[in-house]
Amino acid sequence: MLMIKKIILTGFKNHPSGSYSFEQPVVGICGKNGIGKTNLLDSVYYCCFTKSYFQSIDAQNIGFGEPGFRLEGHFERGDTREKLVCINRAGSKKELYLNDIPYEKLSQHIGRFCCVMIAPDDIDLINGTGELRRKFLDVLICQLDASYLLDLNAYNKILQQRNSLLRNEHKNGVGDETLLDILDGQLARYGDRVFQKRLEIFNEIHPKILSHYMGIAAHENQIRIRYESKLHGTDMLQCLKSNRQKDLILQRTNSGIHRDDLIFEWNTQPFKNIASQGQKKSLLFSLKLAEYEMLLEKTGQTPILLLDDVFEKLDSERMTNLLEVVCKKHKGQVIITDTHPERLTGVMESLNIGIQLIKLQ
Ligand SMILES: Nc1ncnc2c1ncn2[C@@H]1O[C@H](COP(=O)(O)OP(=O)(O)OP(=O)(O)O)[C@@H](O)[C@H]1O
Ligand SMILES: [Mg+2]
């Protein structure tokens, strides 16, 4: 079992300094609105992913008026203890150390400590744009396959180069397309690999999502989930070739894995247009639970589950179901934020699960 046992924060958002020990598998973080519960939860996520779940601009994670932040996470996996230190000084490169040894690349760390977050805005996974659903798949795959993130980063870099070339060719008139051919070759190499990996993982996670959904929303078997990509039945190079004229006119790359999506349908209609709030929440929990189980199966370790304000804004009934699976069946670590300690303890008592409360003030 993977556990975070302690976290020490310095200059991280509204935590100038603080040290918190997690002594039981289930920990509740309580305190009034704005006190820093979500930020503390996010610091755990940060130690796993070297980035915030909520704030992608790193400068905004540094406490106001602080020169930078430092996070120190103490993890335990069976008998092994590991210490992760992340230092982010304003304006300089992020530093990351595992047991005092620096990482050369931050990407090498992803997947070492697996973790799943559920936060109120995650309902956008159902209602929002495809970018969020691609990110859902990508975050999962990155934790399982170290080369995936490298391929994805390489793809995005070449995609930017290709797009700026398309803009330049438009401005200066289309001349020699040799450079475009070279970039297409490179983009195709990474694009095909990303597609194959996404398809493989989608095929595995798909039945898990459906079975959780039907478990939560009994007898609702009208839901369909598809992995949408232009690369089905072809390859990236072919795709780029057949879209080149369009790309030259529109000055951007119109096809490729950067346009992939997960499509949720309800009786052939878009799920988000038809489903009720409750059905959307059921689907969200099914996606997250499937992600959790997939990480568990592939790594043999329970991921750390981080739950932000789920009782308040998401759902208490579905939460109880999820806690039952995670805490009782898998015996994984769970950290939950809530403004109401008595609500948390009440739910845990009804499930017969012990909880350690941390009160922020
Ligand atoms: N970079 C920063 N430096 C200092 N304070 C910050 C920074 N970023 C955010 N904050 C502060 O952190 C506070 C919010 O903390 P957080 O979201 O963790 O609260 P919370 O306890 O989860 O509240 P709620 O119960 O409303 O969800 C805000 O008051 C905000 O001003
Ligand atoms: Mg909060």
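This report looks at a five-strand sheet and the helices around it in a predicted model.

## Ground rules

Local features here need pLDDT of at least 70 and side-chain atom pairs count only at pLDDT 80 or more, while totals for chains, interfaces and linings use all residues. Residues are numbered from 1 along each chain as its sequence is written, with chains lettered from A and ligands numbered from 1 in the order in which they are written.

## The sheet

Five strands (DSSP runs of E, at least two residues, numbered from the N terminus) make an open sheet, ordered β8-β12-β13-β3-β14, with parallel pairing. Pairing takes at least two DSSP bridges between two strands. β8 (115-118) and β14 (356-359) sit at the edges with a single partner strand each, so one side of each has no neighbour in the sheet. Ignoring direction, neighbouring strands are turned by 15 degrees against each other on average.

Inside, β3 (residues 26-30) and β13 (residues 334-338) pair over five bridges, and valine 27 stands opposite isoleucine 335 in β13.

## Helices on the sheet

Helix α1 (residues 37-49; helices are DSSP runs of H or I, at least four residues) lies across β3, β8, β12 (304-308) and β13, at about 150 degrees to β12. α9 packs on the sheet too, touching β8 and β12, and its direction makes about 170 degrees with that of β8. Angles run from 0 to 180 degrees between N-to-C directions, with axes fitted to C-alpha atoms, for helices over the stretch in contact.

## α9 against α11

The axes of α9 (residues 277-299) and α11 (residues 316-329) come within 11 Å and cross at roughly 10 degrees. That makes α9 roughly parallel to α11 (angles under 35 degrees).

Lys281, Ser282, Phe285, Leu289 and Tyr292 in α9 meet Arg318, Leu322, Val325 and Val326 in α11 (contact means C-beta atoms, placed from the backbone, within 7 Å).

Note on methods:
Parallel < 35°, antiparallel > 145°, perpendicular 65-115°, else oblique. Contact = placed C-beta atoms within 7 Å.
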